[in-house]
Amino acid sequence: MTDSSRDQQAMARALELAARGQGHVEPNPMVGCVIVADGQIVGEGWHRRFGGPHAEREALDQAGAAAAGATMYVTLEPCCHHGKTPPCTDAILQSAVRRVVVAHRDPFPQVDGGGIGRLQAAGIEVETGLMAAESRELNAPYLKLVCRGRPWVIAKWAMTLDGKLAARSGDSRWISGESSRRRVHLLRGRMDAILVGAGTVAADNPSLTARPSGARTPVRIVLDSRAALPTDSQLVRTAREVPVLVVAGPQPPEENCRRLRDAGCEVWIGQADDPGQRLSELLDELGRRRTTNLLVEGGSQVLGNLFDAGLIDEVHVFVAAKLVGGAAAPSPLAGRGLEQMAQAIRLPRPEIEILDGDVYLHGRLK
């Protein structure tokens, strides 16, 4: 095996370890680390939870004295600042690691080349760029939050084979099967927030929780221009147990806001009259709150507004082998839509599974 193939193999393992932190570390990035001495792995680690030890420190603790003179492979630039934990660069320097291979730089302002520079200044050989594309893809939500100040937007819907979200009466229970619904709960369990429109609440009265609970407890967000969410809805009744954020338009009735706040909801008032512009305002606000992953579950107008504005990053779609028909039955993406089929947005590498007869397709938009 050549040196380059050994490097590739070690970094691939570090990326595999990093992915284990999904849902546990946000708003931090997922990071994995592997330490190799004399062709053997002597230490491994990954960032397991927000506020916990970083991947490099885990790997160094496992390697012990064997780290001296070894090569460290890490999926993201080691931190050089005091945050929840001390700088990883200090631990690397103390370990006497000889060489550090970094997939790519961390754009976080307090790092952004500083970690690499500190290691190089101390005489450690540092190489960057190995499997950088794979590392960027893994941490795309983190990178979007840091670089653009907005969460990663994931659109999810279940539909019939003829592309309907519900029958013409609005009835939608259940389109997909139990296996698909279990997968949705797994998805919810790693989200920071789940967003729906007021129409979805009126039609389905959802709880929008993960059952069983996952690594995270997402904030439940409702777009409700007049803050008229019913007090007896599942969301309001459980607002003191699981957070609910009601996104109102300008000048909602004060009595509505007071009623929801008294029930334990937070009411956030957007400034834009246009619902699409208000969505953009909301994404900026969620970015300020360091929301990394936002799951949007409907309805079709909300999803359509996001699509028209180019704000969807990823989709998860469950297609049931059922036909319901009807021109009045809603489809997933309302809004204006695109004029020409040549303009259609592609998923470059969609993943497809069969879940007890449902087709589950998910992937990132180009």
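Here are some questions and answers about the sheets, pockets and odd backbone spots of this predicted model.

User: Before we start, what pLDDT do local features need, and how are residues numbered?
Analyst: Residues are numbered from 1 along each chain as its sequence is written, and side-chain values use heavy atoms, with hydrogens and water left out. This is a predicted model in which totals for chains, interfaces and linings use all residues, side-chain atom pairs count only at pLDDT 80 or more, and local features need pLDDT of at least 70.

User: Which strands stand at the edges of the sheet of 9 strands?
Analyst: That open sheet runs β10-β9-β8-β7-β11-β6-β12-β14-β13 with mixed pairing. (Strands are DSSP runs of E with at least two residues, helices are runs of H or I with at least four, and both are numbered from the N terminus; two strands pair if DSSP finds at least two bridges between them.) Each edge strand has a single partner, so one side of it is left without a neighbour in the sheet, and the two are β10 (266-269) and β13 (351-355).

User: Within that sheet, what stands opposite Val 222?
Analyst: Strands β8 (residues 219-223) and β9 (residues 244-248) pair in the parallel sense over 4 bridges. Across from Val 222, in β9, is Val 246.

User: At what angle does α6 run to β6?
Analyst: Helix α6 packs on the sheet and touches β6, β11 (293-296) and β14; contact here means heavy atoms within 4.5 Å. Axes are lines fitted to C-alpha atoms, for helices over the stretch in contact, and angles run from 0 to 180 degrees between N-to-C directions. By that reckoning the angle to β6 is about 130 degrees.

User: Which residue in helix α1 forms a salt bridge with Arg 99?
Analyst: The structure holds 22 salt bridges, each a side-chain nitrogen of Lys or Arg within 4 Å of a carboxyl oxygen of Asp or Glu. In one of them, Arg 99 of strand β4 has its closest N and O atoms 2.8 Å apart from its partner's. The partner sits 92 residues away along the chain, in helix α1, and is Asp 7.

User: How much space lies in the largest pocket?
Analyst: On a 1 Å grid over the protein atoms alone, a 1.4 Å probe marks a cavity where it fits but cannot get out, while a pocket is an open set with protein on both sides within 12 Å along at least five of seven lines; lining residues have an atom within 4 Å of a point. Grid points are joined across faces, edges and corners, and the volume is the space filled by probe spheres set on the points. The lining has 45 residues, with Val 196, Thr 200, Asp 204, Glu 297 and Gly 298 nearest the centre. The space comes to about 1,100 Å³.

User: And how much space lies in the second largest pocket?
Analyst: Its lining has 38 residues, and those closest to the centre are Gln 22, Arg 190, Glu 314, His 362 and Arg 364. The space there is about 890 Å³.

User: What is omega for the cis bond between Gly 298 and Gly 299?
Analyst: Most peptide bonds are trans. Gly 299 sits in the loop between β11 and α12. The cis bond that joins Gly 298 to Gly 299 has an omega of about 5 degrees.

User: Where is Asp 38, and what is its phi?
Analyst: Most residues other than glycine have a negative phi. Asp 38 lies in the loop between β1 and β2. Although not a glycine, Asp 38 has a positive phi of about 55 degrees.
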